[in-house]
Amino acid sequence: MGRGIVTSLAKAHIPVVALEQDAQQLEIGKKAVNGLLEREAEKLIKQGLAPGSTLASVRFTLDFADLRDADLVIEAVYENMELKKEIFRKLTSVCKPDAFLCTNTSGLNIDEIASVTKNPHLVIGTHFFSPANIMKLLEVVRGHHTSLTTIATAMNLGKTLGKVSVLVGNCPSFVGNRLLSPYLDQASYLLEEGCYPEDVDKALEDFGFAMGPFRMMDLAGLDIGWRSRMERGLAGNKVPLGTPARQREGKRYCPLADLLCENGRLGQKTGKGWYQYEKLGGRIAQPDPWVKDFLQKYRNTHQIKQRPATPEMILECCLYALVNEGFHVLEDGIASGPEDIDVIYNNGYGWPKYRGGPMYYASTVGLTKVLDVLDKYYKENPDVPSMKPAFLLKKLAMVGEPPLKEWRTQVGNPDSKL
Ligand SMILES: CCCCCCCC(=O)CC(=O)SCCNC(=O)CCNC(=O)[C@H](O)C(C)(C)COP(=O)(O)OP(=O)(O)OC[C@H]1O[C@@H](n2cnc3c(N)ncnc32)[C@H](O)[C@@H]1OP(=O)(O)O
Ligand SMILES: NC(=O)C1=CN([C@@H]2O[C@H](COP(=O)(O)OP(=O)(O)OC[C@H]3O[C@@H](n4cnc5c(N)ncnc54)[C@H](O)[C@@H]3O)[C@@H](O)[C@H]2O)C=CC1
């Protein structure tokens with residue numbers, strides 16, 4: 001059960017069957033959904049409206065057979081390919097043959113998930129954003145076999161839920177999280193080099209983000225990235241013996257988030273992550289002396305050269321890394337244009353709307369400036385290839401920085417996944 005997703009569906013008056021793996025999780029989920037729906041009802045009453053949706057439209061169950069009449073299923077189990085496949089094998093045998101099967105994965109391969117079903121054309125990614133009952137974005141991920149009807153249904157579902165849907169192609173982490181990855185890497189390198197989570201968050205929140213990267217990770221849950229890194233052999237016991245702590249596959253790697261997870265610090269849900277919270281599931285982030293001490297010991301152990309970072313440096317490292325990946329996404333035909341990337345960030349990641357989204361922002365900074373900063377950073381840090389300027393960025397800078405609306409013609413992508 002994805003609690004925020006269930007709440008979103010109930011809010012839109014869609015009858016829901018919410019499935020969990022055991023009675024304890026079911027009870028916790030039921031309480032959480034109940035609380036969120038009560039809050040919705042309060043808001044409607046305050047506006048003088050009738051509180052339409054209630055818990056009565058949600059049926060809670062532990063039995064897969066209860067999904068047999070569902071027209072559409074949204075899977076939201078832990079981020080683990082084998083588990084997702086196990087669930088989809090069950091779904092394809094239990095559900096109606098024409099049921100749409102959606103996955104809320106944060107970045108796993110849609111085609112691999114679809115491969116275990118009888119009808120891969122009915123499988124699609126419906127990627128919600130945390131908190132799923134609040135954030136406006138639905139990233140709709142088409143797989144190789146996904147039919148047009150399935151795409152149209154998922155896009156329409158987003159509309160019914162009052163969300164903004166953006167269609168993207170299937171690649172690791174899709175669009176939003178693919179751009180997020182180098183952004184979070186940079187944020188973590190800054191911690192290695194002397195910053196604290198609150199310094200980095202402050203710079204990005206002063207820029208206008210609703211939440212800086214560390215508060216955002218604590219909200220989403222650090223275990224999502226951790227599970228994904230373990231699957232990819234970057235963390236956990238799949239890492240080959242003798243691998244340097246701060247390097248993977250010849251590239252710079254920051255293990256700080258993995259170490260927090262190993263210490264049971266998964267973010268808001270465990271009451272501790274990059275910050276400490278007032279209780280399990282609390283929302284008030286306070287700097288944690290434990291984290292400060294942990295970071296100091298880590299820096300000493302690895303003898304990392306400290307580099308004082310100004311807010312401007314923090315912004316440049318994090319934002320230009322994110323934007324650079326945006327150009328790669330356009331080169332690969334994973335998003336249909338820069339505007340789609342901007343819509344994703346404005347609606348899914350608390351990007352300051354008045355700055356127009358990351359790609360528009362890059363155009364206001366000046367592509368030549370972005371290129372120069374990336375170029376300088378990459379020359380000094382060849383072990384961080386995500387900062388190597390993208391070919392498309394170079395091309396756009398070279399042809400005189402055309403306005404954003406003309407970028408699609410410059411991409412001219414024969415390999416579009418859309
Ligand atoms: C590559 C590695 C992969 C990493 C992991 C990937 C995970 C994914 O696959 C994708 C993701 O979800 S990434 C996370 C995306 N979400 C964000 O970035 C959230 C950014 N924050 C915001 O937009 C606002 O602070 C927010 C909307 C949250 C709050 O807005 P405000 O600050 O204006 O606060 P309020 O007006 O008081 O609240 C508005 C509603 O939000 C509820 N809320 C506030 N803080 C919350 C929190 N910490 N947790 C849950 N709900 C929260 C609040 O209750 C209110 O709801 P209502 O009371 O119903 O109106
Ligand atoms: N937390 C977030 O910000 C976001 C998470 N996602 C994705 O959503 C999925 C779930 O992530 P979270 O909600 O963070 O995880 P979570 O750990 O909070 O929830 C996973 C849920 O799946 C249930 N579950 C596990 N195995 C099950 C089974 N065999 N049968 C039925 N239920 C089972 C668990 O009991 C739990 O309620 C992941 O694929 C994640 O990448 C996507 C967008 C945002």
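1. A good place to begin is S115, which sits in the loop that runs between helix α4 (residues 110-114) and strand β5 (residues 123-127). The model is a predicted one, and the remarks below should be read with that in mind. Within it, the side chain of S115 reaches back to the backbone oxygen of E112, at 2.6 Å. S115 can also be placed relative to F88, since the two are 27 residues apart in sequence, while their C-alpha atoms are 9.2 Å apart in space.

2. Two further loop positions deserve a look at the backbone. The peptide bond that leads from S130 to P131 is cis, with an omega near -10°, and P131 itself belongs to the loop between β5 and β6, the latter covering residues 137-141. In another loop, the one between α1 (residues 3-11) and β1 (residues 16-19), one finds H13, whose phi is near 65°, a positive value in a residue other than glycine.

3. Which residues come nearest to ligand 1? There are 20 residues around this ligand, and the nearest of them are R39, K43, S106, H127 and R283. Polar contacts can be described for several of these side chains: a polar side-chain atom of K43 lies 2.8 Å from an oxygen atom of ligand 1, an N or O atom in the side chain of H127 is 2.7 Å from an oxygen atom of the ligand, and for the side chain of R283 the distance from an N or O atom to a ligand oxygen is likewise given as 2.7 Å.

4. Ligand 2 is surrounded by 20 residues, and the closest are E20, E79, K84, S106 and A220. Two glutamate side chains approach its oxygen atoms, with an N or O atom of E20 at 2.4 Å from an oxygen of ligand 2 and an N or O atom of E79 at 2.5 Å from an oxygen of ligand 2. The contact with A220 is made through the backbone, where a polar atom is 2.9 Å from a nitrogen atom of ligand 2. A reader comparing the two sites will notice that S106 is listed among the nearest residues of ligand 1 and also among the closest residues of ligand 2.

5. Turning to helix packing, two packed helices are described by the angle between their axes and the distance between the axes. For helix α7 (residues 197-207) and helix α8 (residues 213-220), the axes come within 7 Å and cross at roughly 105°, which makes α7 roughly perpendicular to α8. On the α7 side the contact involves P197, V200, D201, L204 and E205, and these meet P213, F214 and R215 in α8. By class, the residues in this contact are five nonpolar, no polar and three charged.

6. How are α15 and α16 oriented to each other? The axes of helix α15 (residues 367-380) and helix α16 (residues 391-398) come within 9 Å and cross at roughly 135°, and the two helices are therefore oblique to each other. The crossing of α15 and α16 is left-handed. In this pair, L367, T368, V370, L371 and L374 of α15 meet L393, K394, L396 and A397 of α16, and by class the contact comprises seven nonpolar residues, one polar residue and one charged residue.

How values were computed:
Residues numbered from 1 in each chain as written. Chains lettered and ligands numbered in written order. Predicted model: local features only at pLDDT ≥ 70, side-chain atom pairs only at ≥ 80, totals over all residues. Heavy atoms only, no water. Axes fitted to C-alpha atoms, helices over the stretch in contact; angles between N-to-C directions. Helix = DSSP H or I, 4+ residues; strand = E, 2+ residues; numbered from the N terminus. Parallel < 35°, antiparallel > 145°, perpendicular 65-115°, else oblique. Left-handed = near helix turned anticlockwise from the far one by under 90°. Contact = heavy atoms within 4.5 Å. Nonpolar A, V, L, I, M, F, W, Y, C, P; charged D, E, K, R; others polar. Near = heavy atom within 4 Å. Polar contact = N/O pair within 3.5 Å; in protein donor to acceptor, adjacent residues only side chain to side chain.
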